[in-house]
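Open the model in your viewer and keep a selection tool at hand. The stops below go from one residue outward to cores, cysteines and a sheet.

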Amino acid sequence: MPTANRRRYTSSDTTNYHRELANFRATDTVVVGNGPAALFLSYILHGNVPRYDPVTHGSHPDPVLHGKLSRFPGQSLCDILDSQKAIEYLTEHFHASSQMSYSDQALPVHTLLDTLMRPNADTEIGESKSRLRWDKNPAKRVDHIVLGSAAEAGGQWTENPVSANWDIGTLSYAEMFTLPGYSFPEHYKRLHDEQLPDLIRPTRRDVASYYASYPKAVGISAAMYSNTTVQKISRNSQGFTIRVQRRKSGEPFVIVCRHLVLATGIFTYTIPPPPIFLPLLQNGPQQPQLRSTTAPILVVGSGFTAADVILSQSSHRKIIHIYKWNPSRPSPLKGCHPQAYPEYAEIYRQMKLATLARTGSGQKGPQSHHPGDTFRDWNDTYEGFPNSQVITVCPDGRIKILTANDGVIERTVSELKYCAGRKGSLGYLSADLRKEVGVVDATWVSADTMRRRVESDLEVTPGVFVVGSLTGDSLVRYGLGSCVYSAGKITRQFEKDRLVIDGEIDRGVGMVVDKNNKVWGGCTVS
């Protein structure tokens with residue numbers, strides 16, 4: 001029980017609290033990660049309540065879903081989605097719907113929120129109207145902190161680890177990036193002083209700018225701690241202890257909380273090149289003239305990142321491309337329609353032509369004109385090596401390539417772009433906590449790592465929630481439903497805890513803190 005020298009820190013004490021306890025902070029919820037899902041969750045935890053709105057733009061075009069939601073008139077979606085059973089009830093008909101185009105790959109809760117925010121988004125881009133109404137309710141505010149390693153809000157959208165062109169169009173259309181309270185079209189108009197065109201794939205630069213601007217635009221900046229490294233999270237008797245360091249100041253501090261949300265995603269780190277490529281990564285080559293921009297660039301990878309690097313090069317820059325080719329597990333570029341994604345479709349076409357030429361199944365000769373090949377002369381500037389391996393690398397840029405048919409070819413390159421993919425990590429969780437959430441290899445987190453756990457419940461262990469791409473759904477549009485579910489459970493528990501503490505709901509931190517001895521809620525923080 002609280003002793004005489006303890007006090008409860010509330011929202012009004014924030015300034016003094018941060019000054020007096022510069023290395024010790026208490027809050028109800030900590031969100032690890034500052035990407036789109038974390039921003040969306042913070043928006044809800046600031047007291048913004050989503051409700052089904054069949055009035056403003058009419059009922060949802062799925063009459064079955066409309067009928068089910070109509071049974072909860074005026075109720076918060078966070079409260080409606082109070083269990084996995086509730087999610088199943090609202091979405092069980094999705095697979096059989098003949099009127100709607102529902103994803104059968106995303107988690108049902110993600111598909112549900114997507115269709116409420118953007119009904120028929122895949123078939124009526126530019127015409128889709130949200131069927132959600134957002135109401136501000138301070139009584140639903142939950143004190144929280146959002147921690148992100150990225151320098152600005154937006155997570156991996158604000159980073160460019162392989163130096164690809166920031167002005168390349170994104171895979172998703174503009175409407176798919178919008179979060180409530182401040183839409184992407186609003187930001188686009190502010191940036192460019194013109195309306196957002198229909199059917200536009202925005203640049204990565206514009207998307208990064210949107211998410212970086214979002215916290216200030218919707219009033220959630222105070223909860224954001226970007227450029228922050230989470231060193232270790234462990235469970236204590238009352239919740240969690242989080243050890244953190246600010247990168248710029250080097251300031252270490254400890255946060256204690258009751259709820260933990262994992263939103264670090266599956267794209268945090270680039271997979272590093274093998275040691276054999278080290279000579280190409282070191283400075284001071286023996287023959288600088290051979291490492292100039294006149295020599296080809298070596299690109300390793302078969303996905304979108306490799307394609308972005310190729311697209312970022314000058315049209316006269318020669319490219320040596322080493323990539324995997326497996327018809328049973330094709331490159332994701334194969335799914336790019338020439339009309340919707342002409343640049344990616346063209347790169348996949350060149351990969352296929354090079355494969356046919358190298359395997360003897362065809363011959364790569366003069367190419368007929370193709371809609372996506374207008375920006376470079378592929379015959380003169382692109383050389384593809386499917387299923388090949390670099391076996392020798394010299395500091396002057398000379399490399400030897402072992403081809404798929406066991407031939408050895410020597411080339412000289414100027415630089416390396418290794419694009420074998422990105423991964424997430426849960427290395428910041430203690431070993432015991434990783435065991436709780438069901439992760440064996442914390443250094444390698446992919447779309448499959450948490451999938452089975454979150455299919456059962458997004459609260460993967462008591463007090464720990466998983467949202468965003470860490471659930472296995474990598475697109476922004478399919479990473480938000482988990483936030484609504486998690487916010488509902490966190491808010492209900494927060495209100496229950498406050499009633500237990502003093503019989504009334506206090507929207508502050510809700511923790512009892514002994515600032516001298518670092519005791520929180522009866523738990524000593526060591």
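Select isoleucine 233. Beyond its neighbours within four places in sequence, isoleucine 233 is in contact (heavy atoms within 4.5 Å) with Val32, Phe240, Thr241, Ile242, Leu260, Tyr428, Leu429, Ser430 and Leu433. This is a predicted model: local features need pLDDT of at least 70, side-chain atom pairs count only at pLDDT 80 or more, and totals for chains, interfaces and linings use all residues. Residues are numbered from 1 along each chain as its sequence is written, and side-chain values use heavy atoms, with hydrogens and water left out.

Now widen the selection to the largest nonpolar core (buried Ala, Val, Leu, Ile, Met, Phe, Trp, Tyr and Cys residues joined through side-chain atoms within 4.5 Å; buried means under 20% relative accessible area, with a 1.4 Å probe and protein chains only). It has 89 residues, of which Ile233, Ile242 and Leu260 touch the most other members. Helix H2 (residues 36-45), a DSSP run of H or I with at least four residues, gives the most to this core, eight residues. Apart from it lies another core of 23 residues, including Val309, Trp325, Tyr344 and Tyr382.

Next, select cysteine 78 and cysteine 483. Why is cysteine 78 not bonded to cysteine 483? Their sulfurs are 10.0 Å apart, too far for a bond; a disulfide needs sulfur atoms within 2.5 Å. Cysteine 78 is buried at 7% relative accessible area, and cysteine 483 is buried at 0%.

Finish at the open sheet of three strands (DSSP E runs of at least two residues, paired if at least two bridges join them), in the order S16-S17-S18 with antiparallel pairing. Strands S16 (389-393) and S18 (408-412) are its edges. S16 pairs with S17 (residues 398-402) over four bridges.

Key. Buried means under 20% relative accessible area, exposed over 50%, partly exposed in between (1.4 Å probe, protein chains only).
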